[in-house]
Amino acid sequence: MLVVETITRIRREHRDGKPIKAIARDLRLSRNTVRKAVRAPNADASYERKEQHRPQTGPFSTRLEELLEENEGLPRRDRLRMTRIHDLLQREGFGGSYDAVRRYAARWKRERRVEAGDMAKAFIPLMYRPGEAYQFDWSHEDVEIAGKPMRVKVAHMRFCWSRAPFVRAYPRETQEMVFDAHARAFAFFGGVPTRGIYDNMKTAVTTVFTGKERLFNRRFLIMTDHYRVEPVACSPAAGWEKGQVENQVQTSRERLFKPRLRFASLEELNIWLEAECRRWAERNQHPDQEDMTIAQALEAERPMLQPLPVPFDGFFESEHVASSTCLVSFDRNRYSVMAKAAHQAVQVRAYATRIVIRCDGVVVAEHERVFGRNQTIFDPWHYLPILARKPGALRNGAPFQDWALPPALAQLRRKLGKGDDADRRFVRVLAAVPEDGLEAVEAAVREALGAGTVSDEIILNILSRRREPHDVQAMDVVVNLKLKHPPEANCGRYDTVRDLDAAA
């Protein structure tokens, strides 16, 4: 192939009157090559092949296209690889190489896309009004919590006009985490847009129909109605429809999660992430509004947002049965409930950070949520009615091991000492807590300890006296009383009585 410098020299010498034969001799080129350079419309005389000769694949092109057409119609997991298609052709007499089949298949796919008008790599820029929409997505990131590696699920929200970001990490990607992420994000931004753009995550979308029609999850719809948001789901595998938050996922991975973050707890990580979101917004210019930062754009967008309502009661509820040991299994862990709920059907409401258990509409337990496996979370006060009947369980009962008692009760237990009798006396004092309350029992114990006694009888007596109502009726005291018939000092009256006895 001739370079441009050679072509320009040929054309220049030919314009100066030099014969083609002489030019070919001096440049050691064939006369036909010189003629093509001279006759070309310009010096950019590049070769274009008008027809591709396929001596090997040509006779098998029809069969190869049939195989490719059938392969495209199969499910993804059942499709044949090009090596297998090449092998099938060889069995039918094909003598060409694998590369020839691969190149033919690639060209066939490109032509089909052009014929179908496939513009998968071309996009239309989107524009949003202030307060109109936000985009939501999840990502998975690796961090180190309390010295142990952990893969956290990170919720991302981004306001479409101001481009303000919000990032928060969770141990799960469940529905209650979705609810918590929305409540915290809207509180962080100070308002709520009118439309939310999501992918087809299972915590939000139950069924995907043709086009944009979706059947949303019932609890998810209740949440969006609470915040007065219209949910919109993207087309499957069409990440460009929420490209802003997709871009935020990649950017935050580079800016925030590399190198690997190390924190003592997940809460500390989230405090740091929230501060970094503010810093990110303050230091970066808005991509469209070049005269303001993202933080300034968010301030300008806030008046257009819907007012922030009270946080949505975002829980995931499931039915369970409490065991005979007053335990309820949930998410591979066990939580204690009040003794009255044993053997009863209960409803577990799982929040992002806590567990609330109800029985017949009454809360029978509330615990901080744990995310490990095979952990048992006890509240010793749940077992107090059982302990009152079986005080011997105080020593070896699992709920009472390392029981963090209030200071006054802990001091009383130390002074009572060890042994069955000491346990019974201490349990008698504890049994008064449901009726009198923990504060009243503590006060009675402090009064008894202050008097130098550790008797359970005295403590219960103090509680009994405090339970009796005080007589608030004041007594009327009369001063200077006067009798209607004042007594007379007349001893002669006794003589009158004697005379009457004698006469009788």
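Which residue in β14 is the bridge partner of R354? The partner is E368, and this pair belongs to strands β13 and β14, which run antiparallel and are held together over 6 bridges. The structure described here is a predicted model, and the points below move from its strands to its cores, its largest pocket and a few residues with unusual backbone geometry.

**The hairpin of β13 and β14**

- Strand β13 covers residues 354-359 and strand β14 covers residues 362-368, with D360 placed in the loop that runs between them.
- The two strands form a hairpin with 2 residues between them, and D360, which sits in the turn, has a positive phi of about 55 degrees.
- D360 counts as exposed because its relative accessibility is 69%, and the cut-off for that word is over 50%.

**The sheet of β10, β11 and β15**

- An open sheet is formed by 3 strands in the order β10-β11-β15, and its pairing is mixed.
- β10 and β15 (376-377) are the edge strands, and each has a single partner strand, so one side of each has no neighbour in the sheet.
- On one side of the mixed pairing, β10 and β11 (residues 333-336) run antiparallel and are joined by 4 bridges, with V328 standing opposite Y335 of β11.
- On the other side, β11 and β15 run parallel and are joined by 2 bridges, and here Y335 stands opposite I377 of β15.
- β10 and β11 also make a hairpin with 2 residues between the strands, in which D331 takes a positive phi near 55 degrees.

**The nonpolar cores**

- The largest nonpolar core has 50 residues, and F136, M157, F189 and L269 are the members that touch the most others.
- The elements that contribute two or more residues to this core are β1 (133-145), β2, β3, α7, α8 (218-226), α10 and α11 (294-301), and the largest share, 9 residues, comes from α7.
- Once neighbours within four places in sequence are set aside, F136 is in contact with several residues, including A155, H156, M157, A181, I197, Y198 and V245.
- Another core lies apart from the largest one, and its 45 residues include Y383, L387, V433 and L463.

**The largest pocket**

- The largest pocket holds about 480 Å³ of space, and 21 residues line it, of which M150, P171, L266, R369 and F371 are the closest to its centre.
- Two or more lining residues come from each of the elements β2 (148-159), β3 (165-170), α7 (175-189) and α10 (266-283).
- By character, the lining of this pocket divides into 10 nonpolar, 3 polar and 8 charged residues.
- The elements β2, β3, α7 and α10 therefore appear twice in this account, since they give two or more residues to the pocket lining and also two or more to the largest nonpolar core.**Helix α2 and the residue after it**

- In helix α2 (residues 20-27), the buried residues are A22, I23, A24 and L27, and they pack against α1 (4-15) and α3 (31-39).
- The helix is followed by R28, which has a positive phi near 55 degrees.

**Loop residues with backbone features to check**

- Most residues other than glycine have a negative phi, and most peptide bonds are trans.
- C326, in the loop between β9 (316-321) and β10 (327-330), has a positive phi near 60 degrees although it is a residue other than glycine.
- C326 counts as buried because its relative accessibility is 1%, and the cut-off for that word is under 20%.
- K258 and P259 are joined by a cis peptide bond with omega at about -5 degrees, and P259 is found in the loop between α9 (243-255) and β8 (262-263).

**A loop residue and a distant partner in sequence**

- L74 lies in the loop between α4 (61-73) and α5 (82-91), and it counts as partly exposed because its relative accessibility is 34%.
- From C-alpha to C-alpha, L74 and T210 are 20 Å apart in space, while in sequence they are 136 residues apart.

Note on methods: Residues are numbered from 1 along each chain as its sequence is written. This is a predicted model: local features need pLDDT of at least 70, side-chain atom pairs count only at pLDDT 80 or more; totals for chains, interfaces and linings use all residues. Side-chain values use heavy atoms; hydrogens and water are left out. On a 1 Å grid over the protein atoms alone, a cavity is a set of points where a 1.4 Å probe fits but cannot get out, and a pocket is an open set with protein on both sides within 12 Å along at least five of seven lines; lining residues have an atom within 4 Å of a point. Grid points are joined across faces, edges and corners, and a volume is the space filled by probe spheres set on the points. Ala, Val, Leu, Ile, Met, Phe, Trp, Tyr, Cys and Pro count as nonpolar, Asp, Glu, Lys and Arg as charged, and the others, Gly among them, as polar. A nonpolar core is a set of buried Ala, Val, Leu, Ile, Met, Phe, Trp, Tyr and Cys residues joined through side-chain atoms within 4.5 Å. Buried means under 20% relative accessible area, exposed over 50%, partly exposed in between (1.4 Å probe, protein chains only). Contact means heavy atoms within 4.5 Å. Two strands pair if DSSP finds at least two bridges between them.
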